[in-house]
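Me: I have a model open and would like to talk it through with you. Could you take my questions one at a time?

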Amino acid sequence: NGHEVISILRNDRKNFTPILVLSAAGAEENVLKAFELGADDFMVKPFSLTELNIRIKKLLVQYKK
């Protein structure tokens, strides 16, 4: 599941991939768990492509630093 993927990516010390979770399960416990595991951002479906684009650009700028 998504939480396992986040854990795997964050446990790999050489991996600097930004993680933006896109989920239909927007319950607070799912959001909090994703952030606890190392997700950088979380969006609940449905969402606009404009918002998605802005969030991706923001993450890419942060990870370039």
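Reply: What follows is a short conversation about this model, which is a predicted one, beginning with its largest pocket and then moving to the strands and two buried residues.

Me: OK, what is the volume of the largest pocket?

Reply: The largest pocket has a computed volume of about 180 Å³, and its lining is made up of 15 residues. Those that lie nearest its centre are Gly2, His3, Ile6, Val21 and Ala34.

Me: And which elements give two or more residues to that lining?

Reply: They are helix H1, covering 2–11, strand S1, covering 20–23, and helix H2, covering 28–37. H1 gives the most, with five residues.

Me: How does the lining divide into nonpolar, polar and charged residues?

Reply: In the lining of the largest pocket, 10 residues are nonpolar and five are polar, while no charged residue is found there.

Me: Switching to S1, which of its side chains are buried?

Reply: Val21 and Ser23 are buried and point to one face of S1, whereas Leu20 and Leu22 point to the other face and are not buried. In a regular strand the side chains alternate between the two faces of the sheet. Val21 also belongs to the group of residues nearest the centre of the largest pocket.

Me: Which strand does S1 pair with, and in what sense?

Reply: S1 pairs with strand S2, residues 41–44, in the parallel sense and over four bridges. Within S2, phenylalanine 42 is the bridge partner of valine 21. Between the two strands the chain crosses from S1 through H2 to S2, giving a β-α-β crossover that is right-handed.

Me: Aspartate 41 caught my eye; is it buried or exposed?

Reply: Aspartate 41, which lies in strand S2, counts as buried because its relative accessible area is 15%, under the 20% cut-off.

Me: What does the side chain of aspartate 41 contact?

Reply: The side chain of aspartate 41 is joined to that of arginine 55 by a polar contact of 2.7 Å.

Me: Last one: where is leucine 52, and how far is it from isoleucine 8?

Reply: Leucine 52 sits in helix H3, residues 49–64, and it is also buried, since its relative accessibility is 15%. Its C-alpha atom and that of isoleucine 8 are separated by 24 Å, with the two residues 44 residues apart along the chain.

How values were computed. Residues are numbered from 1 along each chain as its sequence is written. This is a predicted model: local features need pLDDT of at least 70, side-chain atom pairs count only at pLDDT 80 or more; totals for chains, interfaces and linings use all residues. Side-chain values use heavy atoms; hydrogens and water are left out. On a 1 Å grid over the protein atoms alone, a cavity is a set of points where a 1.4 Å probe fits but cannot get out, and a pocket is an open set with protein on both sides within 12 Å along at least five of seven lines; lining residues have an atom within 4 Å of a point. Grid points are joined across faces, edges and corners, and a volume is the space filled by probe spheres set on the points. Ala, Val, Leu, Ile, Met, Phe, Trp, Tyr, Cys and Pro count as nonpolar, Asp, Glu, Lys and Arg as charged, and the others, Gly among them, as polar. Buried means under 20% relative accessible area, exposed over 50%, partly exposed in between (1.4 Å probe, protein chains only). Two strands pair if DSSP finds at least two bridges between them. A crossover is right-handed if, with the strands pointing away from the viewer, the path from the first strand over the helix to the second runs clockwise. A polar contact is a pair of N or O atoms within 3.5 Å; within protein, one must be able to donate a hydrogen and the other to accept it, and residues adjacent in sequence count only if both atoms are side-chain atoms.
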